Amino acid sequence: MKAIFDTVSNTCSKKVTHAYSTSFSTATKMLSPSIRQDIYNIYGFVRFADEIVDSFHGYDKQILFDDFERQMYDAIKNKISLNPILNAFQHTVHTYSIPAELYESFMKSMRLDLHKKKYLTDAEYKEYIYGSADVVGLMCLKVFVKGNQNTYDTLKDSAMRLGSAFQKVNFLRDLKADFEDLDRNYFPDTDLNMLNEASKMKIIKEIEDDFEAGLKGINQLPVEARFGVYTAYRYYKRLLTKLKQTPSEAIKSTRIRVPNYEKFSLLAKCYVNYRLNLL
């Protein structure tokens with residue numbers, strides 16, 4: 001029965017989320033059950049594409065990525081795929097009428113990671129951020145508003161800014177791995193060999209502005225999504241605070257993280273603020 005295969009596909013997407021990101025997984029659990037699975041489905045899709053370009057060293061990434069992209073298009077066209085991650089994703093795409101431009105822009109940015117190492121202009125940087133992060137926020141927003149186009153249009157800009165903030169925090173957190181292991185530098189006009197407090201704080205100010213704009217949208221989200229997105233927002237804000245407090249030299253040499261005990265404390269505070277309507 002197809003229903004059994006769909007259940008298996010959904011389970012795979014959920015397991016991928018839990019395995020690759022405890023923080024995102026925790027935030028997703030705070031969403032309403034009515035939308036939770038579809039966020040797992042989106043995450044499973046974007047995670048697999050990202051892993052191809054970031055992790056599968058020793059394999060022909062170009063061939064793997066081309067094959068994954070072809071399977072994605074086939075899954076969406078045929079409304080089924082023997083790849084369970086793509087089978088789950090196509091279901092969400094069709095359920096919420098996710099525009100092709102969103103997942104195509106995402107794949108375009110992921111493809112850049114196969115060969116592009118430096119982002120020298122602000123335009124290149126923004127285009128990559130849009131495809132790698134903003135559109136993921138927009139795909140999730142499609143689920144959050146359950147097809148309400150007016151609400152989607154109202155919250156679109158805030159969702160993009162929040163996605164940008166999350167991605168830029170990831171860039172700073174993963175600076176060592178991106179720069180040393182993958183030889184990538186996403187920040188234009190920034191020499192990571194010479195990263196100092198001034199250049200670090202310039203990046204952080206940009207992220208803080210994105211967070212401020214993103215928070216305005218969180219407060220207007222449907223109740224089914226608000227607590228979960230707010231939880232993710234608070235986690236990334238805490239991570240940004242730790243990066244802000246960490247000397248630039250240390251950021252270049254280690255991966256900054258939020259310990260589990262802090263995550264649990266954040267979750268408790270988020271719940272209190274949510275119940276008291278203090279978002």
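What follows is a walk through some helices of this predicted model, with stops at a few residues along the way.

Let's start at the N-terminal end, with helix α1 (residues 2–20) and helix α3 (residues 33–55). Their axes come within 8 Å and cross at roughly 65°, and the crossing is left-handed. On the α1 side, the residues that make the contact are Asn 10, Ser 13, Lys 14, Val 16, Thr 17, His 18 and Tyr 20. They meet a set in α3 that includes Tyr 40, Tyr 43, Arg 47 and Phe 48. Sorted by class, this contact has 5 nonpolar, 7 polar and 3 charged residues. As for the spacing you see in such lists, an α-helix has 3.6 residues a turn, so residues three or four places apart point the same way.

Moving along the chain, pause at the loop between α5 (84–95) and α6 (100–112), which is where Ser 97 sits. Phi of Ser 97 is near 50°, a positive value in a residue that isn't glycine. Is Ser 97 buried or exposed? Its relative accessible area is 51%, and the cut-off for exposed is over 50%, so Ser 97 counts as exposed.

Next comes helix α7, which covers residues 122–144. From the first C-alpha to the last, its 23 residues reach 30 Å, close to the 33 Å expected at 1.5 Å a residue. There is a bend in α7, though: about 45°, at Tyr 130. The helix is also mostly covered, with 17 of its 23 residues buried.

Glu 124 is a handy residue to look at in α7. With a relative accessible area of 26%, Glu 124 falls between the 20% and 50% cut-offs and is therefore partly exposed. Setting aside its neighbours within four places in sequence, Glu 124 touches Lys 116, Lys 118 and Tyr 119. To get a feel for distance along the helix, take Glu 124 and Cys 140: they are 16 residues apart in sequence, and their C-alpha atoms are 24 Å apart in space.

Just after α7 you reach Lys 146, in the loop that leads from α7 to α8. Here again phi is positive in a residue other than glycine, at a value near 50°. Lys 146 has a relative accessible area of 44%, under the 50% that exposed requires, so Lys 146 is classed as partly exposed.

That loop brings us to helix α8 (residues 149–173), which packs against helix α10 (residues 197–218) at an angle of about 145°, with the axes 7 Å apart. The crossing of α8 and α10 is left-handed. In α8 the contacting residues include Leu 155, Leu 162, Phe 166, Val 169 and Leu 172, along with Arg 161 and Lys 168. Among those they meet in α10 are Ile 203, Ile 204, Ile 207 and Phe 211, together with Glu 206, Asp 209 and Asp 210. The tally by class for this contact is 12 nonpolar, 4 polar and 6 charged residues.

The last stop is Arg 173, also in α8. Which class does Arg 173 fall into, buried or exposed? At 13% relative accessibility, Arg 173 is under the 20% cut-off and so counts as buried. Beyond its neighbours within four places in sequence, Arg 173 is in contact with Tyr 235, Leu 239, Leu 243, Thr 254, Arg 255 and Ile 256. Pro 188, by comparison, lies 15 residues away along the chain, and its C-alpha is separated from that of Arg 173 by 17 Å.

How values were computed. Residues are numbered from 1 along each chain as its sequence is written. This is a predicted model: local features need pLDDT of at least 70, side-chain atom pairs count only at pLDDT 80 or more; totals for chains, interfaces and linings use all residues. Side-chain values use heavy atoms; hydrogens and water are left out. Helices (H or I, at least four residues) and strands (E, at least two) are DSSP runs, numbered from the N terminus. The expected span of a helix is 1.5 Å times one less than its number of residues. The bend at a residue is the angle between axes fitted to the seven residues ending there and the seven starting there. Buried means under 20% relative accessible area, exposed over 50%, partly exposed in between (1.4 Å probe, protein chains only). Axes are lines fitted to C-alpha atoms, for helices over the stretch in contact, and angles run from 0 to 180 degrees between N-to-C directions. A crossing is left-handed if the near helix is turned anticlockwise from the far one by less than a right angle, and right-handed if clockwise. Contact means heavy atoms within 4.5 Å. Ala, Val, Leu, Ile, Met, Phe, Trp, Tyr, Cys and Pro count as nonpolar, Asp, Glu, Lys and Arg as charged, and the others, Gly among them, as polar.
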